[in-house]
Amino acid sequence: TAIENSNNNIQINSISPANIDTPMIRKKYNGELRDYSNVYYTKNCGTVLDVYSVVKMLENNNFMTGNDIKLDGGITDLFKM
């Protein structure tokens, strides 16, 4: 865990993505991408570049540890209401 590894300069974080536009997701929908405009606040699913940008942020940050980053177009906010 993050606390157990803090003395070793190891940061523990995770990314929890929702649907990401990948070949696997497109295959699920016969090569197309389903309409996410009524699913996510962002009106679309995530991209590989979205995930990569979070990975780069974590890679360049030496202070964040013990966090899960929800990369889900805001859908978890629906469950907080």
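Here is a conversation about a predicted model of one protein chain.

Reader: I am new to this structure, so what elements are in the chain?

Author: Welcome! The chain has 4 helices and 2 strands, and along the sequence they follow the pattern α-β-α-α-β-α.

Reader: What makes the chain more spread out than a compact globule?

Author: Its radius of gyration is 16 Å, whereas the globule rule gives 12 Å for 81 residues; the value is well over the rule, so the chain is more spread out than a compact globule. You can also picture the box that its C-alpha atoms fill, roughly 50 × 30 × 20 Å along the principal axes.

Reader: How much of the chain is buried, and what does its surface come to?

Author: Buried residues make up 16% of the 81 residues. The accessible surface is about 6200 Å², and 55% of that belongs to carbon and sulfur atoms.

Reader: How do you know how far along the sequence the contacts reach?

Author: Take the contacts between residues at least 6 apart in sequence: 67% of them join residues at least 24 apart.

Reader: Since this is a prediction, how confident is the predictor, and which elements have the lowest and highest mean pLDDT?

Author: The average pLDDT of the chain is 91, and 96% of the residues score at least 70. Among the elements, helix α1 (residues 2–5) has the lowest mean, 78, while α3 has the highest, 97.

Reader: Why are Tyr36 and Tyr40 called a stacked aromatic pair?

Author: A search of the whole structure finds 1 aromatic pair. In that pair, the ring centres of Tyr36 and Tyr40 are 5.5 Å apart and the planes differ by 25 degrees. Rings pair if their centres lie within 6.5 Å, and planes under 30 degrees apart count as stacked, so both values fit and the pair is stacked.

Reader: Are those two tyrosines buried or exposed?

Author: Tyr36 and Tyr40 are both buried, and that word is kept for residues under 20% relative accessible area.

Reader: Why is the contact between Arg26 and Asp21 called a salt bridge?

Author: The N to O distance between the side chains of Arg26 and Asp21 is 2.7 Å. The cut-off is 4 Å, so this pair counts as a salt bridge. By this rule the count comes to 3 salt bridges.

Reader: What makes Arg26 and Asp21 partly exposed?

Author: Partly exposed residues fall between the 20% and 50% limits. Arg26 has a relative accessibility of 30%, so the label fits. Asp21, at 23%, is partly exposed too.

Reader: How do you know that Lys56 and Glu59 form a salt bridge, and where do they lie?

Author: Their closest N and O atoms are 2.6 Å apart, and the limit is 4 Å, so the pair qualifies. Lys56 and Glu59 are both in helix α3 (residues 48–60), and because they are 3 residues apart there, about one helical turn separates them.

Reader: Why is Glu59 called exposed while Lys56 is called partly exposed?

Author: The 50% limit decides. Glu59 has a relative accessible area of 53%, which is over that limit, so Glu59 is exposed. Lys56 has 29%, which lies between 20% and 50%, so Lys56 is partly exposed.

Reader: What makes Lys70 and Asp68 a salt bridge?

Author: The closest N and O atoms of Lys70 and Asp68 are 3.2 Å apart, and that lies within 4 Å, so the pair counts. Both ends are partly exposed: Lys70 has a relative accessible area of 48%, and Asp68 has 32%.

Reader: What is notable about the phi angles of Asn30 and Lys43?

Author: Each has a positive phi in a residue other than glycine: near 55 degrees for Asn30 and near 75 degrees for Lys43. Asn30 lies in the loop between α2 and α3, and Lys43 is also placed in the loop between α2 and α3.

Reader: Why are Asn30 and Lys43 called exposed?

Author: Exposed means over 50% relative accessible area. Asn30 reaches 74%, so Asn30 is exposed. Lys43 has 52%, so Lys43 is exposed as well.

Reader: Where is Met24, and what makes it exposed?

Author: Met24 is in helix α2 (residues 23–28). Its relative accessibility is 66%, over the 50% limit, so Met24 counts as exposed. From Met24 to Asn44 there are 20 residues in sequence and 16 Å in space, C-alpha to C-alpha.

Key. Residues are numbered from 1 along each chain as its sequence is written. This is a predicted model: local features need pLDDT of at least 70, side-chain atom pairs count only at pLDDT 80 or more; totals for chains, interfaces and linings use all residues. Side-chain values use heavy atoms; hydrogens and water are left out. Rings of Phe, Tyr and Trp (its six-membered ring) pair if their centres lie within 6.5 Å; planes under 30 degrees apart count as stacked, over 60 as edge-to-face and the rest as tilted. Buried means under 20% relative accessible area, exposed over 50%, partly exposed in between (1.4 Å probe, protein chains only). The radius of gyration is taken over C-alpha atoms; the globule rule is 2.2 Å times the number of residues to the power 0.38. Contact means heavy atoms within 4.5 Å. Accessible areas come from the Shrake-Rupley method with a 1.4 Å probe; for residues, only the protein chains shown count as cover. pLDDT is the predictor's confidence in each residue, from 0 to 100.
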